[in-house]
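Here are a few notes to read with the model open beside you. I hope they help you find your way around.

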Amino acid sequence: MSDIPKNIKRLLREQAALAYEEELRRALAPLAAAFDQWKEGKVSSDTINDMIHEFHQGPHRDLYSRYNSKMYEPTIAYAIVKGILDKEKVPRELLEHLARLIKHYEGNLKME
């Protein structure tokens with residue numbers, strides 16, 4: 001990232017934080033629903049404890065690794081293509097900087 005302009009680096013970090021927050025929010029939704037059931041007495045404390053452990057070892061670890069790797073460009077391009085980040089809200093100069101990667105992911109994700 002050393003040859004990337006400072007303003008683009010800043011935008012990449014900002015968008016990475018937004019994407020991480022959105023993905024974490026989505027990943028926590030099932031756990032939040034389970035807590036609601038737990039409050040109603042429909043799920044045991046052991047079940048909640050197991051779910052927290054599984055979340056920490058799985059989705060949380062994956063997201064933390066993805067967004068703390070400092071490989072912001074591919075991560076942000078992917079987040080844009082997958083709809084994690086709203087493309088309309090991503091600064092134009094960042095979209096221009098990531099245009100090649102965005103096109104790459106758009107092509108590859110259509111094949112899935």
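The points below go along one helix, then the loop after it, then a residue in the next helix.

1. A word on the basis: this is a predicted model, where local features need pLDDT of at least 70, side-chain atom pairs count only at pLDDT 80 or more, and totals for chains, interfaces and linings use all residues. Residues are numbered from 1 along each chain as its sequence is written, and side-chain values use heavy atoms, with hydrogens and water left out.

2. Helix H2 covers residues 45-67, 23 in total, and spans 31 Å from first to last C-alpha, close to the expected 33 Å (1.5 Å times one less than the number of residues). Helices here are DSSP runs of H or I with at least four residues, numbered from the N terminus.

3. Have a look at Phe-55, where H2 bends by about 40 degrees, with Pro-59 following within four residues. The bend is the angle between axes fitted to the seven residues ending there and the seven starting there.

4. Phe-55 is also one of the buried residues of H2, along with Ile-48, Gly-58, Leu-63 and Tyr-67 (buried is under 20% relative accessible area, exposed over 50%, with a 1.4 Å probe and protein chains only). Their cover includes helices H1 (6-39) and H3 (72-81).

5. In the loop between H2 and H3 sits Lys-70. Lys-70 has a positive phi of about 70 degrees without being a glycine, and is exposed at 56% relative accessible area. Most residues other than glycine have a negative phi.

6. Thr-75, in H3, is buried at 10%. Thr-75 touches Arg-66 and Tyr-67, leaving aside residues up to four places away in sequence (contact means heavy atoms within 4.5 Å). A polar atom of the Thr-75 side chain lies 2.9 Å from the backbone oxygen of Met-71.

Note on methods:
Helix = DSSP H or I, 4+ residues; strand = E, 2+ residues; numbered from the N terminus. Polar contact = N/O pair within 3.5 Å; in protein donor to acceptor, adjacent residues only side chain to side chain.
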